Amino acid sequence: MSAEIATLQRSNWMSRAPLSKLLRRLVKVQLLYALSRSPLFTDRRRAKFLRSAAKRDPMLLSARLDQFCQDYYTRIEKSSVITTEDRDNLIAHALRVTAVVPNYNHERYLRERLDSILSQTYPLIDIIVLDDCSTDNSRQVIEDYHVRHPDRIKVVYNDANSGSVFRQWQKGHELATGDLVWICESDDFCAPSFVERLIGHFRDPSVMLAFGKIEFADEVGTVKPGMAHYREAAEQGIWDQPCLRPAAEWFKGAFAVKNVIANVGGSLWRRAPLGSTTWDEACSYRIMGDWYLYSVQANGGQIAFDPTAQAYFRIHSQNTSGAAAQRLPDYYREYTRLITALKQRWAIPDQTIDRFVDSCHEIYRGAGIKTPKFETLLPIKSLKAIKTESPHVLMGILGFSYGGGEIFPIHLANALHQRGVMVSMLTMMDTEDHPDVRNMLHPAIPVYTANGARDVGVRNFVESVGITIIHSHIASIEMLLLDEGNVDLPYLSTLHGSYEAMEIPRRRVEAWAARIDRFGYLTERNL
């Protein structure tokens, strides 16, 4: 590997190169990218321009590092020095992905979809193909791939058409066994590095959803413009760089204006049961069930965006029903239901509601609808009056180790989640987790760390995540939130012995007690 490392070191010239040279190179690269998209050239010529641009692009050093890691992984797989046990241990600790491919009459596009999954540079991906009683030759294509890849592809055929794409998503989600779920519509495709570019974001246990840059493509797969304008209309100036934000921030801004994950295949989800009530609600939408599901999947955690993860949303004659739906009043009633659900979950500001309604009104005008009046379909005053009903409880613990101060709050957090309460964990320690204790926590509950909170500022962390209630189970949480963060929220502290064990000065306890609304205890000795 020494030669590859030396090559990477030589390629990292950006920190040494004069600014003028860097700018000239960037201009040349952008010109090559533009030529690679031009319809004036043949496909072969455009592909050559694209390869030339990628080779010269100084911003793609990360891609070369990715390739280095992939080559390293391949050598580990083939190495005779590393034992089978070591290799299995490495794989066991890597995140696995289940790609769910719901198909209905997409024989024409199915091969490209499956090839784009099988050719992913990230290797730990299994595939579930769901066919919803297709009447074309989809089954023949599916069987061909299943025969060629029996260890990677599982096939499920419906006995009757489900009547809803979201029912197929539900079936695939419930059959998935990977750490992450990737729902891949059968007429779309993506870049080979799509999963590799997103999967690293899930090393952060607070990330529940990650998505890449989604672009339009036509029937033959040629990339088309349009999505950049769509994203900018949701929020300006953020789409060229990776972005990690709490769901509360996303849904107070861009995600409450437009569905910025316009195609589900452009996203990865941390796998966690969503519940029949959630799926029933999603299936009650004709168009916007995906938007609703993103909001539930994100829960109280974070959403990552990475523009280097490229996915393509194919526009063709079979999937243009959305344009027809825009001419129907029920389409706008779905918008009202959707924004109501979002605002009940997050405190969306009035300015964002204004932008959301303006966006809907633009579609309404473009559809040429005369009646009913837009104001009756999306009554802006009523939308602004909707109250946020979902509290967000932050459960503070030392870490995932055996002890009453850890096990009890984990069970309590799980019980709150089962009742539909948004709950997140905050741990003081982010190392030496005991796997058995960590696995007790419901996978839909995001985990934040004290170090992560300090990185963004403790008070800013609490505000940006949208916390409304704090429940502490160790005195060091008080030190973090009350002393460092000066947080002023409804606060409950349950005593498990840390106040005595840590020998905290009486004056400090008195200062905390003046700000803590309720104390709880499990045993008499904690009193």
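# Getting to know this chain

Mentor: Let's start with a pair of helices: H14 and H16 are roughly parallel to each other. Keep in mind that this is a predicted model.

Trainee: Okay, so at what angle do H14 and H16 pack?

Mentor: Two packed helices are described by the angle between their axes and the distance between the axes. Here H16 covers residues 329–345, and its axis runs 10 Å from that of H14. Angles under 35 degrees count as roughly parallel. H14 and H16 therefore get that label, with a packing angle of about 5°.

Trainee: Which residues of H14 make the contact with H16?

Mentor: From the H16 side, Tyr 335, Leu 338, Ala 341, Leu 342 and Arg 345 take part. The contact as a whole divides into seven nonpolar, one polar and one charged residue. On the H14 side, the residues are Trp 291, Tyr 292, Ser 295 and Val 296.

Trainee: What about Met 288: is it buried or exposed?

Mentor: Met 288 sits in the loop between helix H13 (276–283) and helix H14 (289–298). Setting aside neighbours within four places in sequence, it is in contact with Tyr 331, Glu 334, Tyr 335 and Leu 338. Buried means under 20% relative accessible area. Met 288 has 4%, so it counts as buried.

Trainee: And how far apart in space are Met 288 and Asn 259?

Mentor: Along the sequence, Met 288 and Asn 259 are 29 residues apart. In space, taken C-alpha to C-alpha, the separation is 8.7 Å.

Trainee: Now for H8 and H13: are they roughly parallel or roughly antiparallel to each other?

Mentor: H8 spans residues 165–175, and its axis lies 9 Å from that of H13. The packing angle is about 155°. Over 145 degrees counts as roughly antiparallel. So the answer for H8 and H13 is roughly antiparallel.

Trainee: Which residues in H13 do those of H8 meet?

Mentor: H8 brings Phe 166, Arg 167, Trp 169, Gln 170, His 173 and Glu 174. By class, this contact has five nonpolar, two polar and three charged residues. Their partners in H13 are Trp 279, Asp 280, Ala 282 and Cys 283.

Trainee: His 173 shows up in that list, so is it buried or exposed?

Mentor: His 173 lies in helix H8. Not counting residues up to four places away in sequence, it touches Val 100, Val 181, Trp 269, Ala 272, Leu 274 and Trp 279. Its relative accessibility is 5%, so His 173 counts as buried.

Trainee: Let's move to the strands. Which are the edge strands of the six-stranded sheet?

Mentor: The sheet is open, with parallel pairing and the order S13-S12-S11-S14-S15-S16. An edge strand pairs on one side only. That describes strand S13 (447–449) and strand S16 (518–521).

Trainee: Which residue in S12 stands opposite Val 393?

Mentor: S11 (residues 392–397) and S12 (residues 422–427) pair in the parallel sense over six bridges. Within this pair, the residue facing Val 393 is Val 423.

Trainee: Which helix lies across S11, S12, S14 and S15?

Mentor: S14 covers 469–472 and S15 covers 491–495. The helix in question runs at about 160° to S15. It takes in residues 475–484 and is helix H24.

Trainee: Right after that helix, what is the phi of Asn 486?

Mentor: Asn 486 is in the loop between H24 and S15. At 46% relative accessibility, it counts as partly exposed. Most residues other than glycine have a negative phi, and most peptide bonds are trans. Asn 486 is not a glycine, yet its phi is positive, at about 50°.

Trainee: Glu 503 also has a positive phi, so is this residue buried or exposed?

Mentor: Glu 503 belongs to the loop between helix H25 (498–501) and helix H26 (506–513). Exposed means over 50% relative accessible area. At 68%, Glu 503 therefore counts as exposed.

Trainee: Last one: which residue does a cis peptide bond join to Thr 371?

Mentor: The omega of this bond is about -5°. The partner lies in the loop between helix H17 (350–367) and helix H18 (374–377). That partner is Pro 372.

Notes:
Residues numbered from 1 in each chain as written. Predicted model: local features only at pLDDT ≥ 70, side-chain atom pairs only at ≥ 80, totals over all residues. Heavy atoms only, no water. Helix = DSSP H or I, 4+ residues; strand = E, 2+ residues; numbered from the N terminus. Buried < 20%, exposed > 50% of the residue type's maximum accessible area, 1.4 Å probe, protein only. Contact = heavy atoms within 4.5 Å. Pairing = 2+ DSSP bridges. Axes fitted to C-alpha atoms, helices over the stretch in contact; angles between N-to-C directions. Parallel < 35°, antiparallel > 145°, perpendicular 65-115°, else oblique. Nonpolar A, V, L, I, M, F, W, Y, C, P; charged D, E, K, R; others polar.
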